[in-house]
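Here is a short set of exercises on charged side chains. Have a look at the chain first, then work through each task before reading its solution.

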Amino acid sequence: NSGDYYGPNWDRRRSEILARDSYECVECGITRDSHKERYDHDLHVHHINPKSACDSFEEANDPENLITRCRECHAEKEKVDWL
C-alpha cells in the first residue's frame, strides 16, 4: 500500500536495489521501461521477509532482504490481486 511508511532510508535503499538488480524483475526479467509502459508505474522493490516480521526498518530494508519484482511477480509472491 502506497501509504505505508518504509523508514527514513527507504527512498535511497529502493534506488540502490533497483540499480543492483539492473532495473529489471529478478523473476521474469521485464525491464523498468517496459514495466512503466505496461503498468504506468515503476518496478516494485519487495521485502523477502515482511517488514512486519522485522524488528526495525534497518533489518527490513537490509539489501539482503530486498529484491526487484514487477507488479505481476510481486502480486503472485504476495498472493494479492493488484492486476
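The exercises below deal with salt bridges and with a charged surface patch.

This is a predicted model, in which local features need pLDDT of at least 70 and side-chain atom pairs count only at pLDDT 80 or more, while totals for chains, interfaces and linings use all residues. Residues are numbered from 1 along each chain as its sequence is written, and side-chain values use heavy atoms, with hydrogens and water left out.

**Exercise 1.** Find how many salt bridges the model has.

Solution. Start with the rule: a side-chain nitrogen of Lys or Arg must lie within 4 Å of a carboxyl oxygen of Asp or Glu. Applying this rule gives 6 salt bridges.

**Exercise 2.** Describe the salt bridge between E16 and R13, and say how well each partner is covered.

Solution. First, the distance: N to O, the two side chains meet at 2.8 Å. Next, the place: both residues belong to helix 1 (residues 10–20), 3 residues apart, or about one turn of the helix. Helices here are DSSP runs of H or I with at least four residues, strands are runs of E with at least two, and both are numbered from the N terminus. Then the cover: buried means under 20% relative accessible area, exposed over 50%, and partly exposed in between (1.4 Å probe, protein chains only). R13 has 14% and is buried, whereas E16 has 34% and is partly exposed.

**Exercise 3.** Which parts of the chain does the pair R14 and D42 tie together?

Solution. The side chains of R14 and D42 form a salt bridge of 3.4 Å, N to O. R14 sits in helix 1 and D42 in the loop between helix 2 (32–39) and strand 1 (44–47), so the pair links parts 28 residues apart in sequence. As for cover, R14 is buried at 19%, and D42 is buried at 17%.

**Exercise 4.** Compare the cover of D21 and R20, then name the residues joined into one network.

Solution. D21 and R20 meet in a salt bridge of 3.0 Å, N to O. D21 is buried at 14%, while R20 is partly exposed at 40%. Salt bridges with shared partners join R12, R13 and E16 into one network.

**Exercise 5.** Which residues form the negative surface patch?

Solution. Patch residues have over 30% relative accessible area and no salt bridge, with like charges joined within 9 Å. The members are D55, E59, D62 and E64. One of them, D62, lies in the loop between helix 3 (57–60) and strand 2 (66–69). D62 is partly exposed at 32%.

Methods: Patches are made of residues with over 30% relative accessible area and no salt bridge: like charges are joined within 9 Å, nonpolar side chains (Val, Leu, Ile, Met, Phe, Trp, Tyr) within 5 Å. Accessible areas come from the Shrake-Rupley method with a 1.4 Å probe; for residues, only the protein chains shown count as cover. Lys and Arg count as positive and Asp and Glu as negative; His and the chain ends are not counted. The place of a charge is taken as NZ of Lys, CZ of Arg, CG of Asp or CD of Glu.
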